[in-house]
Amino acid sequence: MIIAIDGPAASGKGSLARRLAEHLNYGFLDTGSLYRRVALAVLEQNIDPKDTNAVIEAAQNLIAVLDQPYDDSALRSDNVGQTASIVAQIQEVRDLLIQYQRDFPLQALQKGIKGAVLDGRDIGTVICPEAPIKLFITAEVEKRAQRRHKELQSRDIQATKPEVLAEMLERDARDQKRLDEHLAPPRVIGHDVHIIDTSDMTPDEVFNHALKIVTSH
Ligand code: CDP
Ligand code: CDP
């Protein structure tokens with residue numbers, strides 16, 4: 001059983017995915033963290049994110065150590081998020097990360113875990129188009145910026161609200177093509193994507209709504 005969860009930044013997809021996975025005892029993969037790890041490597045090695053060949057090389061080097069533990073908190077800054085959305089536009093980088101993501105549910109199964117929840121931007125369209133459950137989580141950009149600002153504050157990361165909103169708009173623009181694919185005619189993903197607008201929902205409400213969809217399958 002694969003649950004594919006996609007949506008724009010700070011829509012609430014990550015916390016929902018994690019909670020569903022815990023509740024169902026499924027494996028969980030935050031695929032954004034893969035792009036963030038490429039971005040962090042690029043920043044640490046002073047590579048220009050627009051230097052495609054150097055970024056691809058950094059991504060190739062990362063593939064070898066993807067299974068090793070890493071410091072998640074280092075990945076959460078806006079700078080890493082922005083850089084992630086730049087390197088994610090390089091098709092070769094996306095191709096390098098595809099296999100790891102596709103193998104994840106299988107690896108979970110081999111460990112006796114019966115399902116997997118993956119969250120990102122292209123899970124229901126590219127990584128696991130065969131997933132029986134696809135959720136598209138969205139929210140108004142102002143709400144998403146508010147949430148992200150609060151989150152950054154709680155981590156003692158300095159950023160003003162207008163800065164966070166501007167960053168969110170920039171990232172949305174870069175991610176738009178992939179996000180639009182979810183809402184494209186059924187030939188792309190079938191009729192089965194459930195769209196949840198979380199603008200006026202609490203995380204509990206989102207979770208309960210999503211769980212109903214999952215259990216009804
Ligand atoms: O948590 P948030 O939604 O802010 O970002 P993320 O999921 O950690 O992803 C960071 C960036 O990686 C996104 O802005 C996308 O550009 C890229 N990404 C992607 O292209 N495809 C994915 N499956 C996941 C992330
Ligand atoms: O993974 P993504 O970037 O889509 O979002 P997230 O990390 O799950 O959520 C971003 C922030 O919004 C977190 O601090 C959540 O607790 C919060 N949130 C919220 O306030 N209301 C919701 N309905 C969903 C998430």
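1. Let me start with ligand 2 in this predicted model. Ligand 2 has 15 residues around it, and those that come nearest are Ala 10, Lys 13, Gly 14, Ser 15 and Arg 148. By class, its shell divides into 6 nonpolar, 5 polar and 4 charged residues.

2. The polar contacts of ligand 2 are worth a look on your screen. Ser 15 places a polar side-chain atom 2.5 Å from an oxygen atom of ligand 2, and Lys 13 does so at 2.8 Å. For Arg 148, an N or O atom of the side chain is 2.8 Å from an oxygen atom of this ligand. Taken alone, ligand 2 exposes 540 Å², and the protein buries 76% of that.

3. Where does ligand 2 sit? Its place is the largest pocket. H1, H7 and H10 are the elements that give two or more residues to the shell around ligand 2.

4. Now for ligand 1. Here the shell holds 18 residues, with Lys 13, Arg 36, Arg 94, Arg 171 and Asp 175 coming nearest. Sorted by class, the shell around ligand 1 has 9 charged, 5 nonpolar and 4 polar residues. Helix H2 (32–44), helix H4 (78–87) and helix H8 (161–182) each supply at least two residues of that shell.

5. Which distances go with the polar side chains at ligand 1? Lys 13 has a polar side-chain atom 2.6 Å from an oxygen atom of ligand 1. The side chain of Arg 94 has an N or O atom 2.8 Å from an oxygen atom of ligand 1, and for the side chain of Arg 148 the distance to an oxygen atom of ligand 1 is 2.8 Å. How much of ligand 1 does the protein bury? On its own ligand 1 exposes 530 Å², of which the protein buries 96%.

6. Two residues deserve a second look, as they appear at both ligands. Lys 13 has a polar side-chain atom 2.6 Å from an oxygen atom of ligand 1 and a polar side-chain atom 2.8 Å from an oxygen atom of ligand 2. Arg 148 has a side-chain N or O atom 2.8 Å from an oxygen atom of ligand 1, and likewise one 2.8 Å from an oxygen atom of ligand 2.

7. The pocket itself comes next. Ligand 1 sits in the largest pocket, and so does ligand 2. About 1000 Å³ of space lies in this pocket. Its lining counts 42 residues, and Ala 10, Lys 13, Gly 14, Ser 15 and Arg 148 are the closest to its centre. Elements that give two or more residues to the lining include helix H1 (13–24), strand S2 (27–30), strand S3 (116–120), helix H7 (141–154) and helix H10 (203–215).

8. Which element gives the most to the lining of the largest pocket? That is H1, with 6 residues. Split by class, this lining has 18 charged, 12 polar and 12 nonpolar residues.

9. Please look at the second largest pocket as well, which holds about 410 Å³ of space. Of the 20 residues lining it, Phe 28, Leu 29, Asp 67, Tyr 100 and Phe 104 are the closest to its centre. S2, H2 and helix H5 (91–110) each supply at least two lining residues here, and the largest share, 5 residues, comes from H5. The lining of the second largest pocket divides into 9 nonpolar, 8 charged and 3 polar residues.

Note on methods
Residues are numbered from 1 along each chain as its sequence is written. Chains are lettered from A and ligands numbered from 1 in the order in which they are written. This is a predicted model: local features need pLDDT of at least 70, side-chain atom pairs count only at pLDDT 80 or more; totals for chains, interfaces and linings use all residues. Side-chain values use heavy atoms; hydrogens and water are left out. A residue is near a molecule or strand if one of its heavy atoms lies within 4 Å of it. A polar contact is a pair of N or O atoms within 3.5 Å; within protein, one must be able to donate a hydrogen and the other to accept it, and residues adjacent in sequence count only if both atoms are side-chain atoms. Accessible areas come from the Shrake-Rupley method with a 1.4 Å probe; for residues, only the protein chains shown count as cover. On a 1 Å grid over the protein atoms alone, a cavity is a set of points where a 1.4 Å probe fits but cannot get out, and a pocket is an open set with protein on both sides within 12 Å along at least five of seven lines; lining residues have an atom within 4 Å of a point. A molecule sits in a cavity or pocket if more than half of its atoms lie within 2 Å of its grid points. Helices (H or I, at least four residues) and strands (E, at least two) are DSSP runs, numbered from the N terminus. Ala, Val, Leu, Ile, Met, Phe, Trp, Tyr, Cys and Pro count as nonpolar, Asp, Glu, Lys and Arg as charged, and the others, Gly among them, as polar. Grid points are joined across faces, edges and corners, and a volume is the space filled by probe spheres set on the points.
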